[in-house]
Amino acid sequence: METSSKLKVVVEYEKCCGAGQCVMVAPKVFDQREDGIVIVLDAEPPKEEHAAVREAVAVCPGAALRVDEGE
Ligand code: SF4
């Protein structure tokens, strides 16, 4: 069995340009405010969301997202 890995979503809000790519890629983890700035719905998402979160980090045009991974 694979050990359960933890992943924490970290946002630098001042870098968020409201493009919404993260919401499209991982809608269970991200939402947007009315002005477009990202909202984190689940800062420690379950394992099945990790791939989507990593994808969101990769596509974020403002480089506003990153993940902290624990063990
Ligand atoms: S993809 Fe990045 S810049 Fe766009 S809304 Fe999400 S966090 Fe903000």
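Is Cys-22 buried or exposed, and what is its relative accessible area? Cys-22 is buried, at a relative accessible area of 9%, where buried stands for under 20%, exposed for over 50% and partly exposed for what lies in between, with a 1.4 Å probe and protein chains only. Cys-60 also counts as buried, its relative accessibility being 17%. As for disulfides, meaning pairs of cysteine sulfur atoms within 2.5 Å, the count is 0.

I should say early that this is a predicted model, in which local features need pLDDT of at least 70 and side-chain atom pairs count only at pLDDT 80 or more, while totals for chains, interfaces and linings use all residues. Residues are numbered from 1 along each chain as its sequence is written, and side-chain values use heavy atoms, with hydrogens and water left out.

Turning to the fold, the protein chain holds 2 helices and 4 strands, which are DSSP runs numbered from the N terminus (helices H or I, at least four residues; strands E, at least two), and their order along the sequence is β-α-β-β-α-β. Among contacts, that is, heavy atoms within 4.5 Å, between residues at least 6 apart in sequence, 61% join residues at least 24 apart.

On overall dimensions, the C-alpha trace spans about 40 × 20 × 15 Å along its principal axes. The radius of gyration, taken over C-alpha atoms, is 12 Å, which agrees with the value near 11 Å for a compact globule of 71 residues, the globule rule being 2.2 Å times the number of residues to the power 0.38. Of those 71 residues, 34% count as buried.
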